[in-house]
Amino acid sequence: MDAKIPDEVANAARMNFGIGVTAYLHNAESCGFSLTGQIYFDYKDRFKNSRLIRTSDVLEFVDFAGYLIAMTCTGSAYVLVEPGCGLLTFPSE
């Protein structure tokens with residue numbers, strides 16, 4: 001049985017980001033220089049929907065229409081859907 005696609009992931013997948021999106025990460029969290037999260041719509045067809053994955057190291061984040069796109073050192077582009085709390089915030093001084 002296929003995993004249910006969260007509505008917020010399905011909505012993000014309908015958008016045109018103007019780049020080749022590798023996949024969508026739901027509830028992504030930082031893990032060192034990489035991210036972990038549940039993957040959906042993996043363009044490279046490596047992972048089944050809702051599988052928990054760890055990305056390669058992230059080189060940069062791009063903000064597009066209210067979504068963050070994580071660009072990795074291997075050339076992947078992951079759209080972050082509902083990123084984990086504090087994912088991109090600086091520690092308070």
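**Close-up 1. Salt bridge between Asp42 and Arg46.** The side chains of Asp42 and Arg46 meet in a salt bridge, with 3.3 Å from N to O, in what is a predicted model. Asp42 has a relative accessible area of 9% and is therefore classed as buried, the cut-off for that class being under 20%. Arg46, by contrast, has a relative accessible area of 39% and is partly exposed, so the pair joins a buried acidic residue to a partly exposed basic one. Side chains of opposite charge can pair when their charged atoms come close.

**Close-up 2. Salt bridge between Asp7 and Lys4.** Here the salt bridge links Asp7 with Lys4, and the closest N and O atoms of the two residues lie 4.0 Å apart. Asp7 and Lys4 are both exposed. With the pair formed by Asp42 and Arg46, the count for the model comes to 2 salt bridges.

**Close-up 3. Surroundings of Thr22.** Thr22 belongs to the loop that runs between α1 (7–13) and β1 (23–31). The relative accessible area of Thr22 is 6%, which means that this loop residue is buried. When neighbours within four places in sequence are left aside, the residues in contact with Thr22 are Phe41, Asp42, Tyr43, Lys44, Arg46, Ser76, Ala77 and Tyr78. Both partners of the salt bridge in the opening view, Asp42 and Arg46, are thus included among the contacts of Thr22. Between Thr22 and Met71 there are 9.7 Å in space, C-alpha to C-alpha, while in sequence the two are 49 residues apart.

**Close-up 4. Hairpin of β4 and β5.** Strand β4 (residues 58–64) and strand β5 (residues 67–72) run antiparallel and are joined by 6 bridges. Phe64 has Tyr67 of β5 standing opposite. The two strands form a hairpin that leaves 2 residues between them, and in its turn Ala65 has a positive phi of about 50 degrees.

**Close-up 5. Hairpin of β5 and β6.** Strand β5 also pairs with strand β6 (residues 77–81), in the antiparallel sense and over 4 bridges. Within this pairing, Ala70 has Tyr78 in β6 as its bridge partner, and Tyr78 is also one of the residues in contact with Thr22. A hairpin is again formed, here with 4 residues between β5 and β6, and Gly75 in the turn has a positive phi of about 90 degrees.

Notes:
Residues are numbered from 1 along each chain as its sequence is written. This is a predicted model: local features need pLDDT of at least 70, side-chain atom pairs count only at pLDDT 80 or more; totals for chains, interfaces and linings use all residues. Side-chain values use heavy atoms; hydrogens and water are left out. Buried means under 20% relative accessible area, exposed over 50%, partly exposed in between (1.4 Å probe, protein chains only). Contact means heavy atoms within 4.5 Å. Two strands pair if DSSP finds at least two bridges between them.
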